[in-house]
Amino acid sequence: MMRLSQLFVRTLRDDPSDAEVPSHRLLVRAGYIRRAAPGGYTWLPLGWRVLRKVEQIVREEMDAIGAQEVHFPALLPREVYETTGRWTEYGDNLFRLVDRKGADFLLGPTHEEMFTLLVKDLYSSYKDLPVSLYQIQTKYRDEARPRAGLLRGREFLMKDSYSFDIDEAGLSKSYNDHRDAYERIFKRLGLPYVIVKAMSGAMGGSMSEEFLAPIEVGEDTFVRCTSCDYSANTEAVTTGALAADTGTYNAASTVSTPNCPTIASLVDYLNTHHARTDRAWAASDTLKNVVLQLRQPDGTTETLVVGVPGDREVDLKRIEAQVSPADIETLDDAGFAKHPGLIRGYIGPQVLGKESTTGVRYLLDPAVVAGSAWVTGANEKDSHVLNLVNGRDFNADGTIEAVEVAAGDPCPSCGAALEIARGIEIGHVFQLGRKYADKLGLTVLDQNGKQVVVTMGSYGIGVSRAVASIAEAFHDDIGLKWPRAISPADVHVVVTGKKDDDISVAAEKLAAELEAQGLEVLIDDRVGVSPGVKFKDAELMGIPTILVVGKSLAEGNVEVRDRHAGTNEAIPVNNAVAHVTALARSGS
RNA sequence: CGGGGUGUGGCGCAGUUGGUAGCGCGCCUGGUUUGGGACCAGGAGGCCCGGGGUUCAAGUCCCCGCUCCCCGACCA
């Protein structure tokens, strides 16, 4: 039994000044965590209980799919990460240190290499596969900006697992097993989640999904369909081909547009000097051509122009995901100098494309549909072209998903409007494929005695982040409201009496009986502390059931308060143990 | 890494033209209280983020760092 008179905890009356988001504020105020270092937190007894419960649920569900728990050191030698190039790739995000002999070490930000090598070390036959291994480990990342308490720290607890299979079918099964396990984990934690399609990035065409807790303070933006169940990370949305424009348009004509280098100035000028009869010109009538530079891993560069409707922004991350492993950036002045044919502010597709005068590759966003007419640059200063039709007056080299996805865009799956939401990434499942196995030489002999490279999946859950996410999802102005599965206790007994009076005696007896039923009991047995303080602390700490033993004892009752529902029910004392036990076991 | 803010007992904050640091909460002692963060009296507790400087004198002014928070860039 935890006694508040003894428990190592101190609640704060005021919000800590350095905490902004609710989870951070409340976890500190309620005495669950303390900041100990930039991006690092100490877990106090209450917080540690919650963390361990989350960890245990994760462990049980991983074990249930046959994954086996191992544990690596966090302190790792440089060589391994050198092999996969991540010693450099990770850059400043890696915590590096040097031992007394001058050897380089790092604190593990993630453990793909170590797991791959471990399997290579022990296994060498297809008969050994499939195998899935996991660990629950402290990870280190020297984040540019740790923020929001536990949500983004530099040291955090993560469950990472890796599957090893002989072929794609096996990988697919391992992936689905993990995905299913993750769904069970988040359901048991009581944490709302959405599964969104994620970018697979450099690894090429493989499947990757993120589990996001849909919470405003999250750092990830995703879209979801207002009609069907489609959802995706904004960078991963693929619009696909849209219906062609079947309208007929006048022949293209060039107009003088002095001092109109921006979309806004162009639209203003057109409305003043070339007003349409049917409606006003809008930014969406214009075709914006953004000049980018591709940089391949080997250092070679290529200029690329992407055409998007003028009312839309270009999403570089989204483009980058499609040109990976190349990097993308906007073309700088030096780059423009090499292309005298590109007149900044007045670029039009007439001079773009592989076959054109500039020879610059030209790609269109799918929103610029076939047959559509546009106002766009005339490729000379102070001139634009009206009614330039895609397919009639110009052709692109292809399409690329380029615009920043916005609310109201059509759902790629059903066509209904998409909405934009924010979320906290709490899990990620990813078909890695053979990238690490290739680089680290993880092969096994197959049925025919042939060496084959093993295919891998990697799967992560941010355990400490999950605690913060749950706090974000379940709290109100006055405190936390833990889901039962991970609450630091089942019941919080508030004793409002004086030392050794009838109330205290009855409360102690109830607490002991509850504990005898197998419940975890926290009792506020502090003497000389006013009832108001005890009520406030109970609400702040957020244990789902609060049992108040106080003045209604005279009528033979105690109060059972539900922290989630906010209800307060009088229950006869002799019924209290059965009642509270039933509540705790109901799981709700 | 860029922009903005910030840093003073455990927590929240004040500190005037530069003159040797204060309030509330919390903590300790005694007493009165006990159903919504009680009251009285008495106490303890400070490298004013750090380092340089200006000055007879610096929490306060100047320079250089750092911290934390927010926005952006980056990031699983």
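A polar contact is a pair of N or O atoms within 3.5 Å. Keep that cut-off in mind for the views of RNA strand B, and remember throughout that this is a predicted model.

**View 1. Glu559 and Glu539 meet bases of RNA strand B.** In this close-up, a base nitrogen of RNA strand B sits 2.4 Å from an N or O atom in the side chain of Glu559. Because a polar contact needs a pair of N or O atoms within 3.5 Å, the Glu559 pair at 2.4 Å counts as one. Now look for Glu539: an N or O atom in the side chain of Glu539 is 2.3 Å from a base nitrogen of RNA strand B.

**View 2. Ser17 meets the phosphate of RNA strand B.** Here the partner on RNA strand B is a phosphate oxygen, found 2.7 Å from a polar backbone atom of Ser17. Three elements give two or more residues to the surface near RNA strand B: strand 22, helix 13 (531-541) and strand 31 (557-562).

**View 3. The surroundings of RNA strand B.** Step back and you can find 39 residues around RNA strand B, the closest being Arg13, Pro38, Glu425, Glu539 and Arg561. Which element gives the largest share of this surface? Helix 13 does, with 7 residues. Sorted by class, the surface near RNA strand B holds 22 charged, 9 nonpolar and 8 polar residues. On the RNA side, sugar or phosphate accounts for 49% of the atoms of RNA strand B within 4 Å of the protein, and bases for the rest.

**View 4. Strand 22 and its pairing partners.** Follow strand 22 (residues 418-433) and you will meet several antiparallel partners, including strand 11 (residues 208-213), joined over 6 bridges. One place to look is Ser208, whose bridge partner in strand 22 is Phe430. Strand 12 (residues 220-225) also runs antiparallel to strand 22, with 6 bridges between them; there, Cys225 stands opposite Leu418. Strand 25 (residues 455-462) is another antiparallel partner of strand 22, again with 6 bridges, and Gly427 has Ile461 of strand 25 as its bridge partner.

**View 5. A cavity lined in part by strand 22.** The count of cavities of 30 Å³ or more comes to 1, and the largest cavity has a volume of about 40 Å³. Among the residues lining this cavity are Arg147, Leu151, Asp220, Ile424, Glu425 and Arg465. What share of the lining comes from strand 22? It is the largest share, 3 residues. By class, the lining has 5 charged, 3 nonpolar and 2 polar residues.

Key:
Residues numbered from 1 in each chain as written. Chains lettered and ligands numbered in written order. Predicted model: local features only at pLDDT ≥ 70, side-chain atom pairs only at ≥ 80, totals over all residues. Heavy atoms only, no water. Pairing = 2+ DSSP bridges. Helix = DSSP H or I, 4+ residues; strand = E, 2+ residues; numbered from the N terminus. 1 Å grid on protein atoms, 1.4 Å probe; cavity = no way out; pocket = protein on both sides within 12 Å on 5 of 7 lines; lining within 4 Å. Points joined across faces, edges and corners; volume = space filled by probe spheres on them. Nonpolar A, V, L, I, M, F, W, Y, C, P; charged D, E, K, R; others polar. Near = heavy atom within 4 Å. Polar contact = N/O pair within 3.5 Å; in protein donor to acceptor, adjacent residues only side chain to side chain.
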